[in-house]
Amino acid sequence: MAVPYVNALQFTPQVGMSPPPPPPPPDCAEIGNATRANASAHYRTRIEAVRLMMGERRCLVANFGGAISAARTITSVTWRCDFGYIAQMANARIQSDKRSVAVDLLANWIGDSIIRCEATMDNGEVYIQPFHVSVSGDPIFMPAVSGNGPTVLTAP
Amino acid sequence: MNISWSSMFANGACTVAAYNPSGTLLWTGTLGVSATSPSFTDGTLHCQIVVDANGVVSFQTQNPSPVPGYSVRVTPQYDVSAKYTQAAAISGWGSPSNTGAAFDDASGSSVALAFDAGTGAATPNSVQFSPHGASGSVYVGVSSSQT
């Protein structure tokens with residue numbers, strides 16, 4: 001009669017994988033150029049005028065595709081805002097073409113604010129695109145107002 | 001960071017190896033779920049390795065007394081270079097966790113344990129430890145990562 005196996009060490013070898021990172025936000029696809037600046041290769045001091053109604057939320061895009069050579073890509077971006085109570089920024093990112101950048105923008109309160117986009121290229125060059133954000137509206141229709149937005153956002 | 005764990009055998013068969021306390025390889029082979037190794041011996045000690053349907057590995061002996069110092073190594077045959085590996089126990093010692101330690105259920109004393117992070121698909125992650133006691137009541141929790 002066979003001798004039974006009486007001693008046993010048991011364990012469960014396992015493999016695991018961390019969950020995949022969340023997908024990047026989709027590229028901005030607004031029609032028109034209300035909040036989109038197409039940076040010029042020749043006129044580097046142009047300030048893009050952005051006029052929005054209070055409470056509007058959309059993305060602000062700086063497209064450097066026409067200002068840089070085809071070989072250049074954007075490796076990082078910094079968005080700065082002088083007055084975060086009027087224009088609230090969020091979610092700075094480089095878009096999938098690597099030649100334009102975006103940030104979410106909430107026209108939070110009536111007034112003017114300057115937003116400055118600083119895009120750093122893969123060769124170290126820095127291109128700047130300013131925006132003059134003018135927010136209009138009537139306080140009677142005051143939307144829910146949140147506090148100050150950030151004054152600096154970077155990506156990645 | 002949340003990591004979802006699954007049996008190392010769920011993705012395919014693994015190479016299983018058994019060593020005696022001197023580090024001598026006693027047996028190695030490929031086992032999948034619901035598989036049993038051939039019987040092998042170390043001197044007069046008869047041993048075998050069983051993998052059940054849930055991927056639980058049992059190193060079994062016919063010696064009625066504890067046989068400390070033996071080791072079992074499980075190495076996936078698939079690429080785990082971008083994954084994590086761990087060995088978790090099924091004993092009543094406690095809930096499996098990533099403590100990096102192994103204990104005998106009865107005495108609470110440490111069990112020798114070695115984790116090999118591997119260097120890629122050719123030498124993937126594996127874990128090795130030595131059973132301390134008997135009765136299949138060994139709690140093992142270890143994890144590491146390879147990037």
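Is Tyr127(A) buried or exposed, and what is its relative accessible area? In this predicted model, Tyr127(A) is buried, with a relative accessible area of 16%, which lies under the 20% cut-off for a buried residue. The legends below begin with an overview of chain A and then move to single sites.

**Figure 1. Overview of chain A, a chain of strands without helices.** Chain A contains 10 strands and zero helices, so that the run of elements from the N terminus on reads β-β-β-β-β-β-β-β-β-β. Of the 156 residues in this chain, 42% are buried. Among the contacts in chain A that join residues at least 6 apart in sequence, 72% are between residues at least 24 apart. The chain exposes about 8100 Å², of which carbon and sulfur atoms supply 58%.

**Figure 2. Aromatic pair of Phe64(A) and Tyr127(A).** Over all chains, a search of the whole structure finds four aromatic pairs. One of them is formed by Phe64(A) and Tyr127(A) in an edge-to-face arrangement, with 6.3 Å from centre to centre and 75 degrees between the planes. This pair links distant parts of the chain, since Phe64(A) sits in the loop between strand E4 (57-63) and strand E5 (74-81) of chain A, whereas Tyr127(A) belongs to strand E9 of chain A, 63 residues apart. Phe64(A) is buried, its relative accessible area being 0%, and Tyr127(A) is likewise buried, at 16%.

**Figure 3. Stacked aromatic pair of Trp27(B) and Phe40(B).** In chain B, the rings of Trp27(B) and Phe40(B) are stacked, with 5.9 Å centre to centre and 5 degrees between the planes. Trp27(B) lies in strand E3 (residues 25-31) and Phe40(B) in strand E5 (residues 40-42) of chain B, so the pair ties together parts that are 13 residues apart in sequence. Trp27(B) counts as buried because its relative accessibility is 15%, and Phe40(B) counts as buried at 6%.

**Figure 4. Surroundings of Phe131(A) in strand E9 of chain A.** Phe131(A) is part of strand E9 (residues 126-136) and, with a relative accessibility of 0%, counts as buried. Its C-alpha atom is separated by 5.5 Å from that of Ile47(A), although the two residues are 84 apart along the chain. When neighbours within four places in sequence are left aside, Phe131(A) is in contact with a set of residues that includes Ile47(A), Val50(A), Leu60(A), Ala62(A), Trp79(A), Ile115(A) and Cys117(A).

**Figure 5. Open sheet of four strands in chain A.** The strands of this sheet follow the order E2-E4-E7-E6, with mixed pairing. Strand E2 (36-38) and strand E6 (87-94) are the edge strands, each pairing on one side only. On average, and with direction ignored, neighbouring strands of the sheet are turned by 20 degrees against each other. E4(A) pairs with strand E7 (residues 100-107) of chain A in the antiparallel sense over seven bridges, and Ala62(A) stands opposite Val101(A) in E7(A).

**Figure 6. Gln88(A) in edge strand E6 of chain A.** Gln88(A) is found in strand E6 and is buried, with a relative accessible area of 12%. Not counting residues up to four places away in sequence, Gln88(A) touches, among others, Asp104(A), Leu105(A), Leu106(A), Ser146(A) and Asn148(A).

**Figure 7. Polar contacts of Asn20(B).** Asn20(B) is placed in the loop between strand E2 (14-19) and E3 of chain B, where it counts as buried at 9% relative accessibility. The side chain of this residue reaches the backbone nitrogen of Ser22(B) at 2.9 Å, and a polar contact of 3.4 Å joins the side chains of Asn20(B) and Asp42(B).

**Figure 8. Backbone features at Lys98(A), Ser34(B) and Pro156(A).** Most residues other than glycine have a negative phi, and most peptide bonds are trans. Lys98(A), in the loop between E6 and E7 of chain A, has a positive phi near 60 degrees and counts as partly exposed at 44% relative accessibility. Ser34(B) lies in the loop between E3 and strand E4 (35-36) of chain B; its phi is also positive, about 55 degrees, and at 57% relative accessibility this residue counts as exposed. The peptide bond from Ala155(A) to Pro156(A) is cis, with omega near 0 degrees, and Pro156(A) is located in the segment after strand E10 (152-155) of chain A.

Definitions and conventions. Residues are numbered from 1 along each chain as its sequence is written. Chains are lettered from A and ligands numbered from 1 in the order in which they are written. This is a predicted model: local features need pLDDT of at least 70, side-chain atom pairs count only at pLDDT 80 or more; totals for chains, interfaces and linings use all residues. Side-chain values use heavy atoms; hydrogens and water are left out. Helices (H or I, at least four residues) and strands (E, at least two) are DSSP runs, numbered from the N terminus. Buried means under 20% relative accessible area, exposed over 50%, partly exposed in between (1.4 Å probe, protein chains only). Contact means heavy atoms within 4.5 Å. Rings of Phe, Tyr and Trp (its six-membered ring) pair if their centres lie within 6.5 Å; planes under 30 degrees apart count as stacked, over 60 as edge-to-face and the rest as tilted. Two strands pair if DSSP finds at least two bridges between them. Axes are lines fitted to C-alpha atoms, for helices over the stretch in contact, and angles run from 0 to 180 degrees between N-to-C directions. A polar contact is a pair of N or O atoms within 3.5 Å; within protein, one must be able to donate a hydrogen and the other to accept it, and residues adjacent in sequence count only if both atoms are side-chain atoms. Accessible areas come from the Shrake-Rupley method with a 1.4 Å probe; for residues, only the protein chains shown count as cover.
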